[in-house]
Every structure is written in structure tokens, then in C-alpha cells.
Amino acid sequence: MQAPLPVELQGQIGQRLREAYIELINEPVPDRFVALLQKLKQREEESKEDGRDEK
């Protein structure tokens with residue numbers, strides 16, 4: 001069993017992770033993903049209209 005990391009090191013790791021996630025969140029969504037999400041939404045709407053709610 002490993003000893004827990006020192007609190008200071010845990011804080012530094014946490015800060016670096018927050019910085020990395022903030023950068024990731026601020027990146028634009030690639031066009032191909034936007035197109036895929038639009039297609040999925042369209043299919044979902046069509047399924048609801050046809051009475052085939054696919055959950």
C-alpha cells in the first residue's frame with residue numbers, strides 16, 4: 001500500500017488538472033462532431049414523430 005501524496009503535491013496536481021480542463025472546455029467543437037450531433041437530433045425528432053421513441 002502506497003502512502004498518500006502530500007497535501008501540497010495534491011494541490012499542485014489539482015491545479016494543473018483544472019488548467020488542462022479549462023483549456024479543453026474552451027476549445028471549439030470540431031465541425032464533424034457538430035454535424036453528427038445534428039444528424040442524431042434529426043433522427044430522434046423523426047422517431048418521435050413516427051411514434052418510435054427509441055430510448
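**Note on a predicted two-helix model**

1. Negative patch. Glu44, Glu45, Glu46 and Glu49 form a negative surface patch. Patches take residues with over 30% relative accessible area and no salt bridge, joining like charges within 9 Å and nonpolar side chains (Val, Leu, Ile, Met, Phe, Trp, Tyr) within 5 Å. A salt bridge is a side-chain nitrogen of Lys or Arg within 4 Å of a carboxyl oxygen of Asp or Glu. One of the patch residues, Glu44, sits in helix α2, which covers residues 31-49. Glu44 is partly exposed, at a relative accessible area of 44%. Here buried means under 20%, exposed means over 50%, and partly exposed lies in between (1.4 Å probe, protein chains only).

2. Basis. This is a predicted model, in which local features need pLDDT of at least 70, side-chain atom pairs count only at pLDDT 80 or more, and totals for chains, interfaces and linings use all residues. Residues are numbered from 1 along each chain as its sequence is written, and side-chain values use heavy atoms, without hydrogens or water.

3. Fold and spread. The protein has two helices and zero strands (DSSP runs numbered from the N terminus: H or I of at least four residues for helices, E of at least two for strands). Its radius of gyration is 21 Å, well over the 10 Å that the globule rule gives for 55 residues, so the protein is more spread out than a compact globule. That radius is taken over C-alpha atoms, and the rule is 2.2 Å times the number of residues to the power 0.38. The C-alpha trace spans about 60 × 30 × 15 Å along the principal axes.

4. Burial and surface. Of the 55 residues, 4% count as buried. Gly14, in helix α1, is buried, with a relative accessible area of 18%. The accessible surface of the protein is about 5800 Å², and carbon and sulfur atoms hold 55% of that surface. Areas come from the Shrake-Rupley method with a 1.4 Å probe.

5. Charge. There are 9 positive and 12 negative side chains. The centres of the two sets lie 2 Å apart. Lys and Arg count as positive, Asp and Glu as negative; His and the chain ends are left out. Each charge is placed at NZ of Lys, CZ of Arg, CG of Asp or CD of Glu.

6. Nonpolar patch. Leu5, Leu9, Ile13, Leu17, Tyr21, Leu24 and Ile25 make a nonpolar surface patch of about 690 Å². Leu5 lies in the segment before α1, and that helix runs over 7-26. Leu5 is partly exposed, at 45% relative accessible area.

7. Pro30. This residue lies in the loop between α1 and α2. Pro30 is partly exposed, with a relative accessible area of 35%. C-alpha to C-alpha, Leu5 and Pro30 are 37 Å apart in space, with their positions 25 residues apart in sequence as the separation. For Pro30 and Gln2 the separations are 28 residues in sequence and 41 Å in space, again C-alpha to C-alpha.

8. Other distances. Gly14 and Arg32 are 18 residues apart in sequence and 32 Å apart in space, C-alpha to C-alpha. Asp50 belongs to the segment after α2. Asp50 is exposed, with a relative accessible area of 51%. From Asp50 to Gln10 the C-alpha distance is 53 Å, for a sequence separation of 40 residues.
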